[in-house]
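User: Could you walk me through this model before I get to work on it? I'd like to start with the basics and then jump around a bit.
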Amino acid sequence: MLSIYFKELRSFFSSIAGYVVLLVFLTACGVFLWVLTDTSIPDYGYASMEQFFSIAPWLLLFLIPAITMRSFADEYRGGTIEWLSTKPVTPGQIIFGKFLASFTLVCIALLPTLIYVFSIHYLAMDDAALDAGGILGSYIGLLFLVATFTAIGIFGSTLTDNQIVSFLVALFLCFLLYSGFEALSRVPAFSGGADYYLGLLGVDEHYQSMSRGVIDTRDVIYFSSLVALFIALTRFTLVRKKA
């Protein structure tokens with residue numbers, strides 16, 4: 001599994017496309033948070049990272065599918081999945097190796113955003129203090145969100161040998177889970193009780209809950225269950241295609 005993990009990392013950074021994906025993500029973060037007036041931190045007026053944690057999921061909706069789209073699609077297209085299956089590794093080890101590699105890549109992309117914390121602290125007034133608990137909780141929630149989107153992206157990559165199709169499938173599933181249930185809960189037909197439960201099914205509800213700085217067991221179980229579900233679906237699809 002470690003061999004697959006390091007192979008995926010080397011493969012990503014050995015092409016210019018990998019660096020372009022990370023650069024686009026960080027540039028988009030910088031533009032939204034420091035240039036555009038509607039979402040910029042200076043115009044927000046408060047020493048807070050709320051603006052970043054509000055737009056980060058939407059940027060990750062595109063970043064993570066772009067990273068995971070080649071995980072299995074390239075193996076199918078190049079015919080190397082048969083060679084990989086002859087090695088003394090189980091389907092689970094193959095999946096977790098690719099999952100952890102993609103998760104690591106997204107974490108590497110998020111690391112430079114810590115600069116924003118120090119920048120806000122420097123720009124804040126002398127008597128203003130950052131909500132360290134809220135920021136830490138938000139980053140933990142963001143990592144759970146990254147793990148969920150990564151599991152979805154890996155699953156989407158097993159469905160096809162076309163990277164673009166894999167990207168679009170993962171993008172659609174991530175969007176559906178993040179925002180789809182919340183949008184459904186606002187439909188007047190579901191008001192009166194069903195809207196509450198529809199909201200609980202969505203990722204955004206649990207992400208916002210963790211962003212308040214409180215790590216609720218229910219939110220952890222929710223994200224962990226989604227990751228386990230899509231890892232299981234990935235394994236099922238991989239085994240079925242091998243058969």
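Analyst: What follows is a talk through salt bridges, helix packing and a few single residues.

User: Fine, what should I know about the numbering and the kind of model?

Analyst: This is a predicted model, in which local features need pLDDT of at least 70 and side-chain atom pairs count only at pLDDT 80 or more, while totals for chains, interfaces and linings use all residues. Residues are numbered from 1 along each chain as its sequence is written, and side-chain values use heavy atoms, with hydrogens and water left out.

User: How many salt bridges does a search of the whole structure find?

Analyst: The search finds 6 salt bridges, a salt bridge being a side-chain nitrogen of Lys or Arg within 4 Å of a carboxyl oxygen of Asp or Glu. Lys7, Glu8, Arg70, Asp74, Arg77 and Lys98 are linked in a network of such bridges.

User: Which side chains does Glu8 meet there?

Analyst: Glu8 meets Lys7 in a salt bridge at 3.6 Å, N to O, and Glu8 also meets Arg70 in a salt bridge at 3.7 Å, N to O. The pair of Glu8 and Arg70 links distant parts of the chain, with Glu8 in helix 1 (residues 2-13) and Arg70 in the loop between helix 4 and helix 5, 62 residues apart. Helices here are DSSP runs (H or I, at least four residues), numbered from the N terminus.

User: Buried or exposed, what are Glu8 and Lys7?

Analyst: Glu8 is buried, with a relative accessible area of 5%, whereas Lys7 is partly exposed at 36%. Buried means under 20% relative accessible area, exposed means over 50%, and partly exposed is in between, using a 1.4 Å probe and protein chains only.

User: And which residue does Arg218 form a salt bridge with?

Analyst: Arg218 forms a salt bridge with Asp216, and the closest N and O atoms are 2.8 Å apart. Arg218 itself is exposed, with a relative accessible area of 62%.

User: Back to that loop: where is Ser71, and what is it in contact with?

Analyst: Ser71 sits in the loop between helix 4 (50-68) and helix 5 (73-78), and Ser71 is buried, with a relative accessible area of 2%. Leaving aside neighbours within four places in sequence, Ser71 is in contact with Glu8, Lys98, Ser102, Ile154 and Ser157, where contact means heavy atoms within 4.5 Å.

User: New topic, how do helix 9 and helix 12 pack?

Analyst: The axes of helix 9 (residues 132-158) and helix 12 (residues 203-211) come within 7 Å and cross at roughly 150°. Helix 9 and helix 12 are therefore roughly antiparallel to each other. On the helix 9 side the contact is made by Gly134, Gly137, Ser138, Ile140, Gly141, Leu142, Phe144 and Leu145, and on the helix 12 side by Val203, Tyr207, Met210 and Ser211. Axes are lines fitted to C-alpha atoms, for helices over the stretch in contact, and angles run from 0 to 180 degrees between N-to-C directions. Angles under 35 degrees count as roughly parallel, over 145 as roughly antiparallel, 65 to 115 as roughly perpendicular and the rest as oblique.

User: Why is helix 12 described as largely enclosed?

Analyst: Helix 12 is largely enclosed by the rest of the structure because 7 of its 9 residues are buried. Those buried residues are Val203, Asp204, His206, Tyr207, Ser209, Met210 and Ser211. Helix 12 is followed by Gly213, whose phi is positive, near 95°.

User: What does Leu145 touch?

Analyst: Not counting residues up to four places away in sequence, Leu145 touches Pro57, Leu60, Tyr178, Val203, Tyr207 and Phe223. Leu145 lies in helix 9 and counts as buried, at 0% relative accessibility. Leu145 and Cys174 are 29 residues apart in sequence and 9.9 Å apart in space, C-alpha to C-alpha.

User: Last one, which residues form a nonpolar patch on the surface?

Analyst: Ile16, Tyr19, Val20 and Val24 form that patch, with about 400 Å² of accessible area together. Patches are made of residues with over 30% relative accessible area and no salt bridge, with like charges joined within 9 Å and nonpolar side chains (Val, Leu, Ile, Met, Phe, Trp, Tyr) within 5 Å. Tyr19 is found in helix 2 (residues 16-34), and Tyr19 is partly exposed, with a relative accessible area of 43%. Accessible areas come from the Shrake-Rupley method with a 1.4 Å probe, and for residues only the protein chains shown count as cover.

Key. Helices (H or I, at least four residues) and strands (E, at least two) are DSSP runs, numbered from the N terminus.
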